[in-house]
Amino acid sequence: MLTDTQVESYRRDGYLVIPRLIDGDRLAELRSLTDHIVAEARGVATNDELYDLEPSHSAALPRVRRLKPAIFKRYPFFHDLVREPRITSILTRLIGPAIRHYGGKLNMKSAGFGSPVEWHQDWAFYPHTNDDVLATGIYLDDCDLGNGPLLVLPGTHLGPTYSHHADGRFCGAMDPQACDLDFEKAVPLTGPAGSMTIHHARLVHGSALNTSNRPRRLLLHEYTAADAWPLMGVADFEEFNSRMVLGEPNVEPRVRTAPVRMPLPAADHQGSIYENQRGSGRRFFETHEQRVTHAH
Ligand SMILES: O=C(O)CCC(=O)C(=O)O
């Protein structure tokens, strides 16, 4: 459970880190199942429902950038981890007793070339009727400054929702030049394997290229209060309710003012944040390709 001080700090800064929340056999299984799924990308040629591949991926040399939300439906282990009481009991202090799983992914950030994620707010991707919306991240590997920790800008969850558009289309990335934020103030969320980060959906965050020789895998779960309804609508009511993790579903959205921008028209490159951000044409973090070019 969280202490009152941790809850206050989340409300003020928009993030928390819980060291070693997942441990022992559970962590070992998380790591070995992930290795197995990545090995199965051998033979996969293009991005699909499960795999988001690094630009340098080939069938002979599989390089997975991200495992997409299909993991939660295909693998009982991942389905169950979303509902793990150690996690959900913490979340009740932050977003209340009735909670729905929105989505998630497993970002690999592989040793030596794992892609950066440009500055963004999750809220720009999935605005809701109220902002009791957050994401947790479980580190599969020890994470320090060297292997691309999540970087957050404290307090930005209380500020504006920034434009994530380029050339009139949603692109999933902010323009760091066009906002009044001091990115030097970013806080790295580090911790040993099994540690869990929590960030508010409106918090500005991103992460740099992994230039170390160690992987930095991060399993992200997105959760909402059950009465936060997605402004983009509910395509399948039964499926929507199947994602309840605690408490009862309802048909009474709670509406609370929070600045929103709709992610429309949709990104040129749909599929995942990495694909969306290809359309932004602007970069804060160095890419692997730039690094290789500069080295020559
Ligand atoms: O993997 C990371 O470092 C950041 C991920 C993230 O913010 C996202 O995928 O929305």
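Strands 11 and 13 in a predicted model

Modeller: In strand 13, V133 has T224 as its bridge partner. This is a predicted model, in which local features need pLDDT of at least 70, side-chain atom pairs count only at pLDDT 80 or more, and totals for chains, interfaces and linings use all residues. Residues are numbered from 1 along each chain as its sequence is written.

Colleague: What makes residues 218-225 a strand with the number 13?

Modeller: Strands are DSSP runs of E with at least two residues, numbered from the N terminus, and strand 13 has 8 residues, 218-225.

Colleague: How do you know that strand 6 and strand 13 pair?

Modeller: Two strands pair if DSSP finds at least two bridges between them; strand 6 (residues 133-139) is joined to strand 13 by 7 bridges, and the two run antiparallel, so they count as paired. Strand 4 (residues 99-107) also runs antiparallel to strand 13, with 8 bridges, and I99 has A225 as its partner there.

Colleague: Why is strand 13 called largely enclosed?

Modeller: A residue is buried if 20 or more other C-beta atoms, placed from the backbone, lie within 10 Å of its own (exposed if 12 or fewer, partly exposed in between). In strand 13, 7 of the 8 residues are buried, so the rest of the structure largely encloses it.

Colleague: What makes strand 11 mostly covered?

Modeller: In strand 11 (residues 196-200), 5 of 5 residues are buried: M196, I198 and H200 point one way, T197 and H199 the other.

Colleague: Which strands pair with strand 11?

Modeller: Strand 1 (residues 15-18) pairs with strand 11 in the antiparallel sense over 4 bridges, with V17 partnering T197. Strand 6 does so in the antiparallel sense over 5 bridges, and A135 stands opposite H199.
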